[in-house]
Amino acid sequence: MLAQWQREHGDVVHARIRPEHFVMVSDPERVRELLVANHDGLIRWERGMRVFSRIHGHSVLIAEGEAWHGKRHTLQANFSRSEALAFVPAITAAAERAMARWPARSEAWPIEDELTSLAMTVILHMVFSEGIGEEALSVARAVRVLGEAANKDMFLPASGPDWLPWKRARRQSLALLNGLIGRHVAARLALPRDAWPDDLLSRLLDQHRLDAAAWPLRAVRDECMTAFLAGHDTVAATLTWWTWCMAANPDAQAAAREEVNRVLGEAAPTAGHLASLACVRRTLQETMRLYPAAPVLFSRRSTRPVALGPWLLPEGVMFTVPVQLIHHDPRWFPEPGVFRPERFDPAVTTIPHGAYLPFGAGPRVCLGQHLALTEMTVVAALLLRRWAVSAPEGMVPPRAVMNVTLKPDRPLRLRLSVPPA
Ligand code: HEM
């Protein structure tokens, strides 16, 4: 429908769908004007946030105005580029441990489950200095149940109470995640301060000790929940799509592997190697163009009149930035259906600002983007070094479906084999 609006009416389209005034913005320059220049006149889509807040509480993802600003400011330092790079040894160790259990060959390896469990381990290390063991599958199931429930609820005018019998799976899933986070917080508080590891939880608990009014334990819990969910589900979805893109594009896979072998040899990846893994990074960038993991976060409501090009749009408008449509626009991405990582080569790129938005834009840009890119590059390099991925015989290509994040329509399984020498 959005593609049809764009075809028929252009890049800024107003539609009256009572009770809303919708405005779709698909011109890169106007997108930046909206998300960057006008960011202080916008809030996230209220209904979506009301549904998410039942899981995330009042975390940085949900908060608005001064409350958001304070949280973002406190959290930002933990998610800087240098913090992400300092985390490379932990990411490498977690990935190598996980991959040591993968077979040398498999006809249909459950790559999505494996990458999801790895992404969980990495973020749990970052937040709690601990990984996940036996629980991984049940936690992944709980995340899926909550995602499916949220996805349905968002488009209803209101959510029914949780005690309704058909909400049992949702109720149990939320209890499981709350239990996971709650256990970590309680265990940390039971330790003397000088025995706390240096991780996100300790840093948040220090904020709590400093200013319990601004950072009650509830707020600490909320940030841990958001970091856990936003920090693994998106990465798992992107890495899963990346393996599919590699399987479907053997030449790009071979070129990326050649780079990994040349740059790393047998060495473990370090922060110093990352800049030289440009070809691997571009395969990830191109994957995120085709499959941006979190398109649901791109709706905004204006809280004051918003100037957009020649228009002045009033308070109360629902703006939507159709990120998938923009990422497939041949004006910015020639042959948009083709997997072509070279388009991100800085020497040749012609992608305008505002046309490539996997992490959003403006002050609310993804908090974890450096961590995500660092983690995905390390995992991709380690995977390429040991395995060639391809589609199992007769496999039907996966379809992208929205389940809060953009996922394959069924859990992805791929063939693993020994890469050519
Ligand atoms: C491939 C991985 C990821 C993708 C594609 C992604 C994408 C996004 C997008 C599109 C947004 C909304 C931006 C906007 O509204 O303009 C967002 C926000 C956010 N992301 Fe990510 N994300 C990823 C990984 C992560 C990781 C690893 C974390 C770590 C904790 C994280 C934490 C957050 C948080 C806390 C927000 C809310 C920021 C705010 O409202 O100020 N994300 N992400």
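# A guided tour beginning at cysteine 366

Select cysteine 366 to begin: this residue is buried, because 21 other C-beta atoms lie within 10 Å of its own, and a residue counts as buried from 20 upward. The model on display is a predicted one.

Keep cysteine 366 selected and display the backbone on either side. The residue is found in the loop that runs between helix H15 (323–327) and helix H16. Next, add Phe359 and Gly360 to the selection. Cysteine 366 touches both of them, when residues up to four places away in sequence are left out of the count. The unreviewed UniProt entry lists Cys366 under "binding site".

**The ligand and its shell**

Now select the ligand. Which residues are the closest to the ligand? They are Gly231, Thr234, Gly360, Cys366 and Gly368. Two of these names, Gly360 and Cys366, will be familiar from the previous stop, where the two residues were seen to touch. In total, 26 residues surround the ligand.

Colour this shell by residue character. It divides into 18 nonpolar, 6 polar and 2 charged residues.

Then highlight helix H11 (217–248) and helix H16 (369–386), each of which supplies at least two residues of the shell around the ligand. Of the elements in the structure, H11 gives the most to this shell, with 7 residues.

**From the ligand to the core**

Leave helix H11 highlighted and select isoleucine 123. With neighbours within four places in sequence set aside, isoleucine 123 is in contact with Ala227, Phe228, Gly231 and His232. Among these partners, Gly231 is also one of the residues closest to the ligand.

Isoleucine 123 leads to the next selection, the largest nonpolar core, which has 111 residues. Which residues have the most contacts inside this core? They are Ala119, Ile123, Val127, Phe228, Val379 and Ala380. Helix H11 gives the most to this core, with 18 residues. The same helix is thus prominent at two stops on the tour, since H11 also gives the most to the shell around the ligand.

**The whole protein**

Finally, clear the selection and show the full chain as a cartoon. The protein has 16 helices and 12 strands. Its C-alpha atoms fill a box of roughly 60 × 55 × 45 Å along the principal axes. The radius of gyration is 22 Å, which agrees with the value near 22 Å that a compact globule of 421 residues would have.

Buried residues make up 41% of the 421 residues. Among contacts between residues at least 6 apart in sequence, 73% join residues at least 24 apart.

How values were computed. Residues numbered from 1 in each chain as written. Predicted model: local features only at pLDDT ≥ 70, side-chain atom pairs only at ≥ 80, totals over all residues. Helix = DSSP H or I, 4+ residues; strand = E, 2+ residues; numbered from the N terminus. Rg over C-alpha atoms; globule rule 2.2 N^0.38 Å. Buried ≥ 20, exposed ≤ 12 C-beta atoms within 10 Å, placed from the backbone. Contact = placed C-beta atoms within 7 Å. Near = placed C-beta within 6 Å. Nonpolar A, V, L, I, M, F, W, Y, C, P; charged D, E, K, R; others polar. UniProt positions renumbered as here; feature names shortened; annotations may be inferred. Core = buried A, V, L, I, M, F, W, Y, C linked by C-beta atoms within 7 Å.
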